[in-house]
Amino acid sequence: MVRLFLSAVWPGGAEVRCRRGILGRLAILGILLSIHAGASSSSTTREELPPVPTQCRLTLQIQDSAGTPLESRVRVFGADNHVHPDTTDSERFYFWGGGGYCYANGSFWVDVPAGVTRVTVGRGFEWVPFNRVIYVDRDTTLTITLNRIANLRQEGWYSGDLHAHSNHPPIDYQILPSQARMIARAEDLAVIHLLDQSHYFTGAPSFVSDSGTVVYYSFEYRNQAYGHAPLPGLRDPVHDTCCLDPAPAYPMLLDLRDEVVPAKGPMMVLGHPHSTDDYFYDDTWPGAGLGRELPMLAALNALDALDVLSYGNNPYGDWQEWYDILSSGLPCPPSAGTDSRLCSTSSLPIGGLRVYANLGEGSPLDYDSWLEAVRTGRTFLTNYPLIPEFDIEGHSYGDTMEVAGDSLHTYVRLRATCALGLRRIAILAEGTEVWSADFFPPQSHYEGLIALDIPTPAWILVRAEGSVGNPHLITGPSRAETSPVRITRGGGPVRSTIASARWLDTLSQLRSFVTQRGNWEETWHRDTVMTRIARAEDYYKGAFVAAPDSFPLLSPADDDTVFAEGLYLDWGEALDSEPGDRVRYEIMVATDSLMMLPRRFQTDTPGLEILTLQPNRWYWWTVAAVDRGDNVRVSTPPIESFYLIESTSAAAPAPERQLVPTISPNPSTGPVRLAGFGESVAIYSVSGRRVASSESGLRGVDGTWTWNGRIRGRRAPAGVYWVVGSQGGKTLQLIRLR
């Protein structure tokens, strides 16, 4: 408990101390009024009172409830609206990132301007942060006692940061291993990985590690085409960078993992996978840090862990891509690596985002066991709330649960706490909330058993949200999420077609990216990359099992005669019932009914204008609808024929008959021929809107016009239209059929 006292000094020098609060304030007010009255009635003048100092030394003594000094993170915000200290300080390690903070090794002093001062002291997420406003008008010593809201180490939970640096430019501080350990303790981190390549690397935990804190120096492999990869537990050195533009996009992270796991280390993590939304920007950071290989690593069973939380992500939490991997039926152990730089004053604090891994209740900290817990998903991620219990019928963090049928009837047991106060708890199934509870005012703890009756999802997890506004919270809003319980049905994963579709689109971008980069040193490098992309695509395509619905060929009708300048192949839309699926049409046109030597076309819309066929011959055509899973549906009927002629051939009407306007065919479902309307013509809907004219939408030769039956590229709706020509103002009715 922190005790603050207000004090006033009588003119004679006696000090009166009152406990902070309303009574204390009233007492001080009475004292000050008495001083004022006494000063007015005495010969003492204002000038004789001691002057208020402009600078005061504030000393903090930080301890736990037993009086043991504690390392902690401190922010002192002075009356001048500045954080103090505010310059490089190798003793207290001042940082201006995140609004400013520094570190105290049990005690701390700083000179501040006299006046109102805010003091914030915290130690990770299991301690209630101290946050008070005090008035400093003299040298002051403040004893601060931090109290625990939870002690998760007793339950086997240990927190860690998988991605930080102590020797990464810009370098303002030379960080010794002992100093890195002190900062880790101040953040209540059990494990920190400092990825500084060969800097202090030994292939084992640092000599400063002890039973409560592990400091491990390792490597960050920076593949500037495919993503950056922290290598926790690395035992032997590796090369650390490749593939910066314009170098070719080879080798891949898959090649690194084949080299490292398990020969040189237990796992490879994909760091800050969402560093930017600009997929094709790769000249420098952040584009050179984007995790472009994510969907491939996941599909090819090479994703040991993913930094869902990282300061290098934009935004910090890459939740949606993690959800999409899980919803695609793939395992994806989540991790957190801040990418903090202990050596740079601009850095945000290490451990502001972290992963908790469970070693079993009562288990001591063991580095290898901790990495195994991360790799198998016995984890939750957080930037303040804690979720130490999550269970579904005996299945918990990272487990797989078999469910029979299309519905899930179950109970979820959960427990959460937050030193800043819980304001919301939710259960998510495939990223959608299926149960939630809001707390107003926020409460520190929640424990419950919740019944669920929902369609069988691919995965379930728990999310906790804490209050915001506390200066000790670096990134807001405060949020924690557990590793999911993955669901299988019939021995196989439940797979979302929507998520799979997004990854197929991403892999298409990746194919374009590596092709655009080019500069391959060897042909087999390109072939290897393209083959791996195709293998990953094959996995995501497997989520789509239903072929598109049947669809008709519309025009030209079988044995129809078509004018060359108006040839528009028209067919019905092929619908696909699977969410996220997409249909593309493959068209074949040949001069024989067996389609022996066809010309091939592709389009995403039901209809295609062809200007390259030779007139005065027969053609046969067919359309196949192909979905994302390469499921095919052929048109009904599967093949039709037409005879292509030129508009200016002998089939054209005699000159004297051109004065009689004609529309052929009428009614129609496809292209129509307009003759005898004069040098200009326009088509209007019944509402009076012009939908095509000789200036736009019609093709004409020698006064004969052809309309392809489309309005701005889309099939004209069925109904009545009016064709108006310039020759005598002739107007005819045109009927479009469905």
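This is a short tour of the cysteines and the internal cavity in a predicted model.

**Stop 1: the disulfide.** Start by selecting C242 and C243. A disulfide joins these two residues, with an S to S distance of 2.4 Å. Searching the whole structure turns up one disulfide. Look along the S-S bond: the angle about it is -80 degrees, which makes the link of C242 and C243 left-handed. Switch on a surface, and keep in mind that C242 and C243 are both buried.

**Stop 2: cysteines without a partner.** Now select C56, which is in no disulfide. The nearest cysteine sulfur to that of C56 belongs to C102, 18 Å away. C56 counts as buried because its relative accessibility is 1%, and the cut-off for buried is under 20%.

Move on to C102 and add C343 to the selection. Why does the sulfur of C102 form no bond with the closest cysteine sulfur? That sulfur, in C343, is 17 Å away, so it is too far for a bond. C102 has a relative accessibility of 1% and therefore counts as buried.

**Stop 3: the cavity.** For the last stop, select R73, V74, R75, G100, Y101, T120, P471, H472 and I474, the residues that line the largest cavity. The volume of this cavity is about 50 Å³, and the count of cavities of 30 Å³ or more comes to one.

Which element gives the most to the lining? Colour strand β4, residues 71-77, to find it: this strand contributes three residues. Then colour the lining by class, and you will have four nonpolar, three polar and two charged residues around the largest cavity.

Note on methods: Residues are numbered from 1 along each chain as its sequence is written. This is a predicted model: local features need pLDDT of at least 70, side-chain atom pairs count only at pLDDT 80 or more; totals for chains, interfaces and linings use all residues. Side-chain values use heavy atoms; hydrogens and water are left out. A disulfide is a pair of cysteine sulfur atoms within 2.5 Å. Buried means under 20% relative accessible area, exposed over 50%, partly exposed in between (1.4 Å probe, protein chains only). On a 1 Å grid over the protein atoms alone, a cavity is a set of points where a 1.4 Å probe fits but cannot get out, and a pocket is an open set with protein on both sides within 12 Å along at least five of seven lines; lining residues have an atom within 4 Å of a point. Grid points are joined across faces, edges and corners, and a volume is the space filled by probe spheres set on the points. Helices (H or I, at least four residues) and strands (E, at least two) are DSSP runs, numbered from the N terminus. Ala, Val, Leu, Ile, Met, Phe, Trp, Tyr, Cys and Pro count as nonpolar, Asp, Glu, Lys and Arg as charged, and the others, Gly among them, as polar.
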